[in-house]
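Work through the exercises below with the structure open beside you. Try each task before reading its solution.

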Amino acid sequence: MSQLTLNNIEVIYCDVIQVLRGVSLEVQPGTVVALLGSNGAGKTTTLRAISGLLVSQDGKITRGTIEYGGERIDRLPPDEVVQRGLIQILEGRRLFQHLTVEENLVVGSVARGRTSDATLKRDLAEVYRYFPRLEDMRKRVSGYLSGGEQQMLVIGRALMSNPRFILLDEPSLGLAPLLVAEIFRVIQQMRDQSGISILLVEQNANLALSVADYAYVMDNGRIVLDGSAERLVNNEDIKEFYLGLNQLGERKSYRDVKHYKRRKRWLG
Amino acid sequence: MNWQLLPQFATTGLLAGGPIALMALGLVLIFKSSYIFNFAQGQLLLIGALITWWFSVELGLPLWVSIAIALILSALLGLVIERLALRPMTGQPLLSIILMTLGLSQVLQGSALLFFGGNQRNFPQIFPAGDPYKIITPFVYEGNPIVLILKQNLVWSFIVAILGVIVIGAFFKFTKAGLAMRATSEDHELAQSIGLRIHRIFGISWMLAAVVATIGGVLLATSSGLDMSLSIVVLAAFPAVLLGGLESIPGTIIGGLLIGLSVGLVSASTNQFIRNSGEIMPYVVLLLVLMIRPEGLFGQKRIERI
């Protein structure tokens with residue numbers, strides 16, 4: 001049985017702007033699923049719908065259901081969703097800038113309610129095992145960390161809530177390639193070592209498909225394609241128009257574009 | 001400058017700064033968690049003092065029991081305000097919420113007047129009304145040693161107020177709940193995303209602010225009597241809180257003391273014009289500090305990485 005199921009979700013912002021038009025997807029336990037698509041396709045909105053964070057953006061789920069571990073979570077406030085082990089890591093490496101690195105991590109464990117000092121220590125050690133660099137900086141004010149360190153801290157803070165499922169929004173945004181590689185290695189580790197499922201939104205489709213088990217492609221508030229990562233990597237349409245994997249230097253024919261547009265309309 | 005009286009005025013000024021720091025703390029508590037400047041803080045002060053007065057004088061309960069009841073009731077009032085007035089405003093622009101607290105202040109002031117009437121009352125003495133403390137300083141001016149005469153009331157109010165600020169400061173710095181409140185103040189949405197219950201946190205900060213206000217109200221009422229104008233005393237805390245920095249708890253102590261000191265120093269002047277300007281002194285100091293440090297002495301600087 002799948003761990004997370006979205007069933008025909010529709011989301012409307014400010015009572016007028018419809019952003020999701022019936023999104024359905026499934027995530028199996030212990031897998032990484034990539035959610036791809038161009039800007040404005042509705043990827044982040046999908047994540048927010050799952051985590052309950054639409055509220056602060058004046059958005060509403062107007063139709064459909066979201067089930068997590070067999071229970072409906074689409075009417076729950078965000079804190080209860082986190083308590084069930086599902087946490088969203090917001091886009092843009094958002095930290096509590098004036099808190100130190102360690103305070104940022106500790107505050108991530110507050111949602112779990114009462115935890116003993118021993119548990120807290122063990123969880124901190126676990127995060128520092130994933131990101132040794134954070135341990136050296138534990139007393140530093142987090143606002144002054146570099147971009148890569150901030151991304152590590154943001155992931156570490158999510159781990160402190162002891163999640164079974166992470167919604168990860170654009171972890172590679174604005175990072176140097178080496179750091180991106182490190183972050184993606186951690187994503188794999190979280191899946192393989194801790195058995196955490198991850199729904200990954202990522203602009204760098206190539207990279208996302210290299211770690212993902214399965215992928216969905218969104219366009220204009222709908223899922224337009226889905227399949228296992230290998231299948232999507234080899235799909236001509238994806239390659240050309242979503243992933244930009246076309247052969248460099250080759251001439252493009254306008255007929256291909258027209259063919260794609262027609263195909264896209266048909267899919268949408 | 002009247003040098004003979006200067007140390008006396010400076011010390012009483014500093015001591016008067018204690019309760020100011022406590023009032024400033026109430027404002028900082030709410031600002032820290034929700035970025036709202038609470039204009040109703042003075043009315044919370046007034047209502048806390050009135051409740052204490054009602055239980056101890058009208059009902060004749062022992063003073064300490066009345067204070068305990070007033071603390072509990074004001075904590076509840078804080079929770080109710082958050083639930084009924086603040087929560088429906090979630091997601092509205094901050095300015096609307098701040099103006100709402102202005103409206104709230106009028107509602108609270110009006111209800112206080114309605115229920116308790118506007119006459120001046122004698123507030124029971126909390127601290128033993130013994131002789132003033134006499135401290136003979138080692139300093140000598142024109143052959144006479146300088147002696148400080150400090151009313152017991154003033155000294156004890158100061159101690160209670162500063163202790164209050166320190167306890168709340170330690171709560172913020174060293175407990176998990178305090179950490180959650182500091183985190184929430186920085187980014188509401190982010191706090192929600194990591195599973196903090198921000199409405200509960202707002203509730204706790206309003207509760208704490210109301211409790212702190214009640215302590216301040218009782219301290220002030222016991223030294224200067226109780227009437228409707230008690231709510232205006234909080235005006236002295238506005239410059240203190242801006243001076244110390246809106247997010248800073250240690251800043252409230254420094255701000256409160258500086259404001260108290262400035263008022264005290266002005267009273268020591270021999271020039272009548274300056275001596276009478278005590279009321280505006282806090283704002284003069286405030287202007288000077290803000291010209292040099294716009295975020296206040298201990299306020300948070302915006303972190304900009306380059």
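The exercises move from model confidence to sheets, cores and backbone angles.

**Exercise 1. Confidence**

Task: State which element of chain B has the lowest confidence and which has the highest.

Solution:
- Begin with the whole model. It is predicted, and it scores ipTM 0.87 and pTM 0.84.
- Next take chain B. Its mean pLDDT is 88, and 98% of its residues reach 70 or more.
- Now go element by element. Strand β1 (residues 133-141) of chain B is lowest, at a mean of 80. Helix α3 (residues 63-86) of chain B is highest, at 94.

**Exercise 2. Chain A in outline**

Task: Describe chain A by its elements, burial, contacts and surface.

Solution:
- Count the elements. Chain A holds 11 helices and 10 strands.
- Check burial. Among its 268 residues, 54% count as buried.
- Turn to contacts with a separation of 6 or more. In chain A, 67% of these link residues 24 or more positions apart.
- Finish with the surface. Chain A exposes about 12500 Å², and carbon and sulfur atoms supply 47% of that area.

**Exercise 3. The six-stranded sheet**

Task: Work out the strand order in chain A and find which strands stand at the edges.

Solution:
- Lay out the order. The open sheet reads β6-β7-β8-β3-β9-β10 in chain A, with mixed pairing.
- Find the edges. β6 (86-89) and β10 (222-228) of chain A each have a single partner strand, so one side of each lacks a neighbour in the sheet.
- Add the twist. Neighbouring strands of this sheet are turned by 15 degrees against each other on average, direction ignored.
- Inspect one pair. Strands β3 (residues 32-37) and β9 (residues 214-219) of chain A are parallel, with five bridges. Here A:Leu35 stands opposite A:Tyr216 in β9(A).
- Place the helix. α1 (residues 43-51) of chain A packs on this sheet, touching β3, β6, β7 (165-169), β8 (197-201) and β9 of chain A. Its direction makes about 150 degrees with that of β7(A).

**Exercise 4. The four-stranded sheet**

Task: Find the order and edges of the antiparallel sheet in chain A, and the helix that lies across its strands.

Solution:
- Read the order. This open sheet runs β2-β1-β4-β5 in chain A.
- Pick out the edges. β2 (17-27) and β5 (71-72) of chain A have one partner strand each, so each has a side without a neighbour in the sheet.
- Look at one edge. Two bridges join β4 (residues 59-68) of chain A to β5(A) in the antiparallel sense. A:Glu67 has A:Arg72 as its bridge partner in β5(A).
- Add the helix. α1(A) lies across β1 (4-13), β2 and β4 of chain A, at about 110 degrees to β1(A).

**Exercise 5. Nonpolar cores**

Task: Identify the largest share of the largest nonpolar core, then trace the contacts of A:Ile198.

Solution:
- Size the core. The largest has 139 residues. Those with the most contacts inside it include A:Ile198, A:Ile166 and B:Leu226.
- Assign the share. Helix α8 (residues 198-224) of chain B gives the largest, 13 residues.
- Trace A:Ile198. Beyond four places in sequence, its contacts include A:Val32, A:Leu168 and A:Met190.
- Note a second, separate core. It has 30 residues, including A:Val11 and A:Ile66.

**Exercise 6. Positive phi**

Task: Place A:Asn8 and A:Cys14, then classify each as buried, partly exposed or exposed.

Solution:
- Recall the norm. Most residues other than glycine have a negative phi.
- Take A:Asn8. Its phi is near 55 degrees, and it sits in strand β1 of chain A. Relative accessibility is 37%, so A:Asn8 counts as partly exposed.
- Take A:Cys14. Its phi is near 50 degrees, and it lies in the loop between β1 and β2 of chain A. Its relative accessible area is 40%, so A:Cys14 is also partly exposed.

How values were computed:
Residues numbered from 1 in each chain as written. Chains lettered and ligands numbered in written order. Predicted model: local features only at pLDDT ≥ 70, side-chain atom pairs only at ≥ 80, totals over all residues. Heavy atoms only, no water. Buried < 20%, exposed > 50% of the residue type's maximum accessible area, 1.4 Å probe, protein only. Contact = heavy atoms within 4.5 Å. Areas by Shrake-Rupley, 256 points an atom, 1.4 Å probe, with all protein chains shown as cover. Pairing = 2+ DSSP bridges. Axes fitted to C-alpha atoms, helices over the stretch in contact; angles between N-to-C directions. Core = buried A, V, L, I, M, F, W, Y, C linked by side-chain atoms within 4.5 Å. pLDDT = per-residue confidence, 0-100.
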